[in-house]
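Work through the exercises below with the sequence and structure at hand. Each task is followed by a solution in steps.

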Amino acid sequence: MSKYFMLFSFVIVTWQAQAQNACHFILRGKVKEAHTGAPIAYANVLLKELATGAVTDENGNFTIPNLCRQTYTLDISHVECKKHTEQIAIEGNTESIFTLQHEEKMLSNVVITEKRVALENTQSNSELKGADMDKNKGESLGEMLKSLAGVTSLNTGATISKPVVQGLHSDRVLIFNNGVRQEGQQWGLDHAPEIDPFIANNISVVKGASSIKYGVGAIGGVILVEPRALRDTIGIGGEVNLVGFSNGRTGVLSSMIEGKNQRFSWRLQGTAKKGGNLQTPQYYLSNTGVEELNGSAMLGFRWKSAIFEAFYSHFYSKIGILKDSHIGNLTDLNNAIERGRPAGNDVFSYQIARPAQRVNHDILKLKTTFPTGEAGRLTLTTFLQQDLREEFDAHRPGGKVPIGFTKAEVAFQLPSAGVRADWDHRPISNFHGGGGVEGLFQSNNTYSGALIPDYTQSTIGAYWAERWRRYPFPLEIETGLRYDKRHLQVDSTRFGERNRQFDFDNISFSAGAIYHIGSQGKVSLNVSSAWRSPNVNELFSNGVHHGTASFERGNPNLIAERALNTSVSAHFDHDFFEIDATVFQNVINNFIFLKPDSLPVLTIRGAFPAFSYEQTNAVLRGGDVTTTVRPFKNIAWRVKGSTLFARNKTTNEWLPLMPTDRIETSLTVENQSFKNMTKAYASISLTVAKKQNRVPLSIGDYQAPPAGYGLVGLTLGTDIKLWHKTVTTILNVDNLLNSAYREYLDRLRYFASTPGRNISLKLKMAF
Amino acid sequence: MKISGLCRLLTIFSTIALIVFSACKKEKVDEQENLNVLKIKIGSSTFTWSDTDGVGGTAPKIDTIKLTPNGSFASEITIQDGSGNLPQDFTAEVISKKNDHLFVFKTTGNIAVTDFSIDSNGKPFGQTATVKTTAAGTGSLNIILKHLPNKSAADPSTTGETDIDVTFPVVIK
């Protein structure tokens with residue numbers, strides 16, 4: 001650790017030396033009408049101290065340059081409103097939205113609220129927050145994100161769900177948990193993200209290659225799990241969430257308490273989840289229970305001009321695996337497919353037996369942000385993280401039937417440590433931006449089982465990115481460059497590898513532009529690259545994969561994957577019409593995939609089809625769109641769709657395991673009020689997924705892709721006032737008609753149907 | 001902004017972290033036992049199917065079963081982990097759980113397997129049996145060990161989980 005201290009100290013000393021006092025901050029604002037949100041043109045904005053000011057343009061925008069670090073008095077007036085005075089503290093370049101309440105009779109009632117405007121992404125991104133977040137609470141991260149266009153999931157049953165972003169998943173999608181790169185065991189197709197979504201206030205997905213800011217691996221996209229900022233007013237508050245699902249009789253309790261005194265701001269959060277056997281329309285799925293117990297703590301304080309934040313989270317889950325999916329050999333798999341359903345008739349139970357997985361994940365993060373004089377702002381982040389993953393077999397060949405969960409057949413422990421420094425400089429003649437350095441170290445210990453060897457891996461990276469924006473000129477331009485170097489050392493007697501060294505490095509870039517069309521629309525273009533070094537399982541895997549009855553062979557000669565992603569997105573937002581659309585192309589050179597071998601591998605359990613990791617050039621093209629039409633007041637008709645064409649360019653074939661085209665439409669009656677209920681809504685939805693016909697013919701599948709399906713959903717939600725508290729209540733029904741269907745991207749589709757109707761009740765109460 | 005304060009804070013947190021993480025440190029589990037040898041004694045000869053280097057690697061060694069025509073021989077199966085220096089026997093374990101196991105024999109050519117040993121419910125088990133041959137010729141003997149099969153099913157080999165599925169070539173002369 002002492003190396004990190006030295007780095008920190010060095011950086012701090014360097015930046016402190018540059019401290020000066022100058023007046024070059026910019027206040028950018030937008031004045032909006034409070035009810036309609038319409039911009040207010042020709043409002044007068046006066047800065048009393050400097051006796052300067054500005055007049056808003058037709059989009060309600062204004063800019064006041066050359067401000068010092070101090071508090072100013074701002075007068076905002078308009079011919080139809082009485083002059084209003086507001087204090088504003090300038091601590092850096094400030095962007096604010098001011099809402100003026102438009103009074104028809106010119107009463108002296110002007111309300112000004114302030115909100116920071118985040119920089120807009122040039123890259124396509126979607127966000128899950130607010131009511132949409134509430135609607136999906138209690139589900140796993142992978143299942144929650146499915147409500148975003150262009151995001152699907154790769155499942156091993158209903159309880160193990162991995163997010164798929166524009167066709168890519170696992171090691172090709174990075175997850176950041178409260179700013180920390182999640183270092184789990186994402187290489188496995190049945191390894192779900194080790195994250196409690198209740199930590200998050202919003203979850204956003206950056207779609208497409210984006211190594212610049214996020215580093216090695218961001219070939220398909222990045223998922224950002226962001227908690228709400230710590231409390232900034234003195235006092236204590238909290239939130240309780242209760243969720244119940246009918247299917248699996250699953251219950252979730254998550255609560256949070258937070259507070260702030262003169263010095264500290266803190267938050268404690270915890271989630272408990274328990275579910276039993278899930279039910280399809282015809283039968284129960286034996287051993288599909290789940291339990292989760294998660295907790296996190298956050299502490300923040302200011303010290304002089306620096307802000308400190310400490311974060312710790314623990315994640316624990318135990319997931320039962322459908323008994324029938326644990327098969328001995330290919331004959332068993334064919335028998336299961338022929339049967340079309342589990343052999344036995346199980347009943348409901350909360351009992352989790354073998355086969356099962358157990359995961360413990362810990363993250364400790366420390367972060368500090370402080371101004372480096374007038375030059376900018378420096379953020380230092382360091383983390384320690386550990387993932388412990390254990391898998392329990394139902395039985396060992398030869399009659400030994402293990403009982404209990406003391407000895408795992410497969411166990412890996414993956415500790416990681418990371419440190420990064422990000423520096424944002426003050427705008428220099430319309431340029432915003434900054435750069436940073438990052439270091440990551442991890443080592444894997446395989447305690448039992450022989451799926452992957454022990455290894456250590458260290459990565460260093462440095463980046464710089466700039467954005468040009470001359471407010472209110474409609475065009476914004478952004479570009480960035482990054483270099484990463486990774487060293488991998490594999491040392492495993494079991495694999496016959498002594499001190500085998502691998503080195504990978506790469507330069508990534510990004511360039512993007514946004515063109516604003518009035519205040520309600522924008523078009524953005526982004527071209528960016530990303531890379532990923534082959535994972536240890538791709539280099540050294542050597543064994544039979546149960547559940548898929550295949551033998552996987554690693555390939556130590558693999559080189560790094562490189563992706564070049566181009567996307568064009570458009571966003572328009574009018575009173576009665578809203579659209580978000582993206583088209584993209586992701587060209588991935590040296591794309592690593594499992595290629596079938598010509599000869600099967602003969603084992604004592606019979607012959608298994610064999611696959612080896614090979615590389616090819618791939619191209620993924622597709623698009624997604626979300627539109628909302630409001631033909632009448634309080635009626636919203638939403639259509640969301642996505643399509644994907646993923647090709648292996650070398651063999652000119654489709655790539656396997658890619659999401660099918662799908663479309664979801666919903667009709668919502670919103671914003672109703674009755675008695676003590678407000679914000680009441682009712683929504684009915686139809687989701688249609690096509691049969692996946694884009695499958696490679698040379699890579700056989702044990703069973704043809706399942707038929708397409710349509711699912712009806714129903715949601716009723718409202719805020720209820722009870723004892724002066726607001727309880728957000730949502731009643732949700734998934735698969736209302738209890739249809740039996742199978743999903744192409746569910747690895748258990750060979751063995752059983754997807755679970756049927758699921759009625760859930762979600763309550764959220766803040767105090 | 002004092003450096004010492006920052007360092008002190010970082011030291012406290014990293015110490016806590018190291019304690020937390022080292023507390024979780026696990027011990028390495030020994031190499032797992034692997035079933036990779038099946039021997040069948042027919043009459044006085046023993047024939048072996050073995051893959052002691054584990055799955056993949058060198059191809060399994062498979063003996064050819066050589067029998068005389070029109071014979072009737074007692075058969076007995078043993079199973080082992082042959083990867084270590086001393087083979088580890090699994091047969092006793094399977095026998096102790098014989099209600100949950102079944103040896104299934106599938107043959108081609110002039111060879112048949114009958115008179116299975118039975119489990120404690122009177123259902124077939126098959127660890128010992130009788131192998132009968134008729135006229136000279138060639139064929140094959142496929143031995144399958146099922147775990148938790150439905151022993152009453154028309155074809156029990158389509159039920160339960162497969163632990164072993166090996167095939168010997170057979171020459172009768």
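The exercises go from the whole chain to one sheet.

This is a predicted model, in which local features need pLDDT of at least 70 and side-chain atom pairs count only at pLDDT 80 or more, while totals for chains, interfaces and linings use all residues. Residues are numbered from 1 along each chain as its sequence is written, and chains are lettered from A and ligands numbered from 1 in the order in which they are written.

**Exercise 1.** Describe the overall build of chain A.

Step 1. Chain A has six helices and 41 strands (DSSP runs numbered from the N terminus: helices are H or I with at least four residues, strands are E with at least two).

Step 2. Its radius of gyration is 27 Å, close to the 27 Å of the globule rule for 767 residues, so chain A is as compact as a globular protein of that length. The radius is taken over C-alpha atoms, and the rule is 2.2 Å times the number of residues to the power 0.38.

Step 3. The C-alpha trace of chain A spans about 90 × 60 × 50 Å along its principal axes.

**Exercise 2.** Work out the sheet that contains strand 1 of chain A.

Step 1. The open sheet has three strands in the order 4-1-7, with mixed pairing; strands pair if DSSP finds at least two bridges between them.

Step 2. Strand 4 (61–67) and strand 7 (94–100) of chain A each have a single partner strand, so one side of each lacks a neighbour in the sheet.

Step 3. Strand 1 (residues 25–33) and strand 7 of chain A run parallel, joined by seven bridges. Within strand 7 of chain A, Ser96(A) is the bridge partner of Gly29(A).
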